[in-house]
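User: I have a model open and would like to understand the labels attached to it. Could you take me through the reasoning behind them?

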Amino acid sequence: MIIGAGAAGLMCAIECGRRGRSVLVIDHAERTGSKIRISGGGRCNFTNLLVTADHYLSRNAHFCRSALARFTPRDILSFVENHHIAYYEKEAGQMFCVKSSREIVAALEQECGRTGVEIRLTCRVSDISHAGVFMVTTSEGMFSSDSLVIATGGLSYSKLGASGFGHDVARKFKLKVTQVRPALVPFVFQGPDQKVFKGLAGIAFDAAVSVGRKKYRGNILFTHRGLSGPAALQASLYWESGGPLQIDLLPALDIHSAFLSARQSKMEMHTLLAGHLPKRFVQTWCDHMINSKPINQCSDKELKEIADGLHAWEIIPKGTEGYDVAEVTAGGVNTDELSSKTMEAKKVPGLYFIGEVVDVTGLLGGYNLHWAWASGHAAGQLA
Ligand SMILES: Cc1cc2nc3c(=O)[nH]c(=O)nc-3n(C[C@H](O)[C@H](O)[C@H](O)COP(=O)(O)OP(=O)(O)OC[C@H]3O[C@@H](n4cnc5c(N)ncnc54)[C@H](O)[C@@H]3O)c2cc1C
């Protein structure tokens, strides 16, 4: 029995079905694979050719290795090809559907049908007990099974059926759950910063965002309330409440050298900066952060300070946009509790946890879906 008909649950169901197991998948949502459908803007970044354990955060950095080694990007590409789904590489290993992620959901459902997997939707679980076998009480009656797979994902996007159910099941069976938090999520600025920068909503440019020693290069996007874009989203994986973000607004340029080259110039600072950054951003920056004047009227100290400010803009966000908007939940069932080979709980034989509910969180770029496939595949070899 598998609870959760998302990426991990469906992949696990198919593998169990292929082994001739009798498989029931239940989900409280009205449709299967809700998150797959909206992933990657509806085109679903379903894997990344560069997948390694280094692309995941977990209290145990090695935990995901075994599952990833036994289900590679080539495996999911073969599945996609066998179902005649057109795909393409968007950038640096990120594989997307050409048409729609619905094709992947349809392929998973078709494969479930072929392997005899039964799926029951809008089915609510009210209780789970274990006495030799697992007894699962649901809105459609009671089911028993010698294997129970929890594939209910994390807390983000509750409007799509996300719940803390999997964490609660783990706790019920006395398994540790790490602290969880929304991740791959936009930042919200403090009030005064919000006031200054809200006019820039929609402006995006290349930058590098650091949290401690982790640094991500890519676009940042100003929103009405703060900062989004790939580099900011990645940084959110490591950000802890109250901590600072450091942003290099010109990662491709040594702006201090550019200032020194223009040392004798009567050019206004904002004119020089507008050659490297969007004009509207430069206007706001110059109005609020520096005293723009002709370069030749700036002191050496001023030039150095302005350059430092541009290469290491420090902000302390008020918070993040939270689980409503987060792509993933960081943290989850503590990997110490699980076999890295099978995802089975060490203390509770027959109980498995797969996908996002586990404390394994991928970077942006197809790594989270790949973990869902790989962990579902691993559990599907034994459950
Ligand atoms: C907007 C958005 C875009 C994303 N884009 C990408 C992307 O392009 N690439 C990528 O790799 N990752 C992406 N992700 C992350 C990725 O979708 C998830 O990490 C992945 O789907 C997790 O798979 P899962 O099977 O573990 O959980 P889920 O897909 O969340 O599936 C869990 C299932 O369990 C069900 N469930 C929950 N609670 C209960 C309960 N109490 N009873 C019964 N059923 C329950 C849910 O209804 C759901 O069907 C994105 C996420 C979001 C929100």
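User: What makes residues of the lining of the second largest pocket nonpolar, polar or charged?

Analyst: Happy to help, and please keep in mind that this is a predicted model. The lining of the second largest pocket divides into 3 nonpolar, 4 polar and 4 charged residues. Arg59, Arg181, Glu240 and Asp359 are in this lining, and they count as charged because Asp, Glu, Lys and Arg make up that class. Leu57, Val180 and Ala330 also line the pocket, and Leu, Val and Ala count as nonpolar. Ser58, Gln179, Gly331 and Thr361 are there too; these are polar, since that class takes the others, Gly among them. The volume of this pocket is about 230 Å³.

User: How do you know that a residue belongs to the shell around the ligand, and how many residues surround the ligand?

Analyst: A residue is counted if one of its heavy atoms lies within 4 Å of the ligand. By that test 32 residues surround the ligand, and the closest are Ala8, Asp27, Ser163, Glu356 and Leu369. By class, the shell has 15 nonpolar, 13 polar and 4 charged residues.

User: What makes the pairing of Leu369 with the ligand a polar contact?

Analyst: The cut-off is a pair of N or O atoms within 3.5 Å. A polar backbone atom of Leu369 is 2.7 Å from an oxygen atom of the ligand, so the pair qualifies. Asn368 also passes, with a polar backbone atom 3.3 Å from a ligand oxygen. From Ser39 it is a polar side-chain atom that lies 3.2 Å from an oxygen atom of the ligand. As for cover, the ligand taken alone exposes 1,000 Å², and the protein buries 94% of that.

User: Which elements give two or more residues to the shell around the ligand?

Analyst: They are α1 (7-18), α2 (34-38) and α13 (367-380). The most comes from α13, with 4 residues.

User: Why is Ser101 called buried?

Analyst: Its relative accessibility is 0%, and buried means under 20%, so Ser101 counts as buried. You will find Ser101 in the loop between β6 (94-97) and α5 (102-114). The side chain of Ser101 reaches the backbone oxygen of Ile36 at 3.1 Å.

User: Why is Phe173 also called buried, with a relative accessible area of 14%?

Analyst: The value need not be zero: the limit is under 20%, so Phe173 at 14% is buried. Phe173 sits in the loop between α6 and β12. From Phe173 to Ile128 the C-alpha distance is 9.9 Å, while the two are 45 residues apart in sequence. Across the chain, buried residues make up 54% of the 383 residues.

User: Why does Tyr157 count as partly exposed?

Analyst: Partly exposed is the range between under 20% for buried and over 50% for exposed. Tyr157 has 22% relative accessibility, so it counts as partly exposed. This residue lies in the loop between β11 (148-150) and α6 (165-172).

User: What makes the phi of Tyr157 worth pointing out, at about 65°?

Analyst: Most residues other than glycine have a negative phi. Tyr157 is not a glycine, yet its phi is positive. Leu184 is another residue with a positive phi, near 50°. Leu184 is found in the loop between β12 (181-183) and β13 (187-188).

User: Is Leu184 buried or partly exposed?

Analyst: Buried: Leu184 has 2% relative accessibility, and the cut-off is under 20%.

Terms used
Residues are numbered from 1 along each chain as its sequence is written. This is a predicted model: local features need pLDDT of at least 70, side-chain atom pairs count only at pLDDT 80 or more; totals for chains, interfaces and linings use all residues. Side-chain values use heavy atoms; hydrogens and water are left out. On a 1 Å grid over the protein atoms alone, a cavity is a set of points where a 1.4 Å probe fits but cannot get out, and a pocket is an open set with protein on both sides within 12 Å along at least five of seven lines; lining residues have an atom within 4 Å of a point. Grid points are joined across faces, edges and corners, and a volume is the space filled by probe spheres set on the points. A polar contact is a pair of N or O atoms within 3.5 Å; within protein, one must be able to donate a hydrogen and the other to accept it, and residues adjacent in sequence count only if both atoms are side-chain atoms. Accessible areas come from the Shrake-Rupley method with a 1.4 Å probe; for residues, only the protein chains shown count as cover. Buried means under 20% relative accessible area, exposed over 50%, partly exposed in between (1.4 Å probe, protein chains only).
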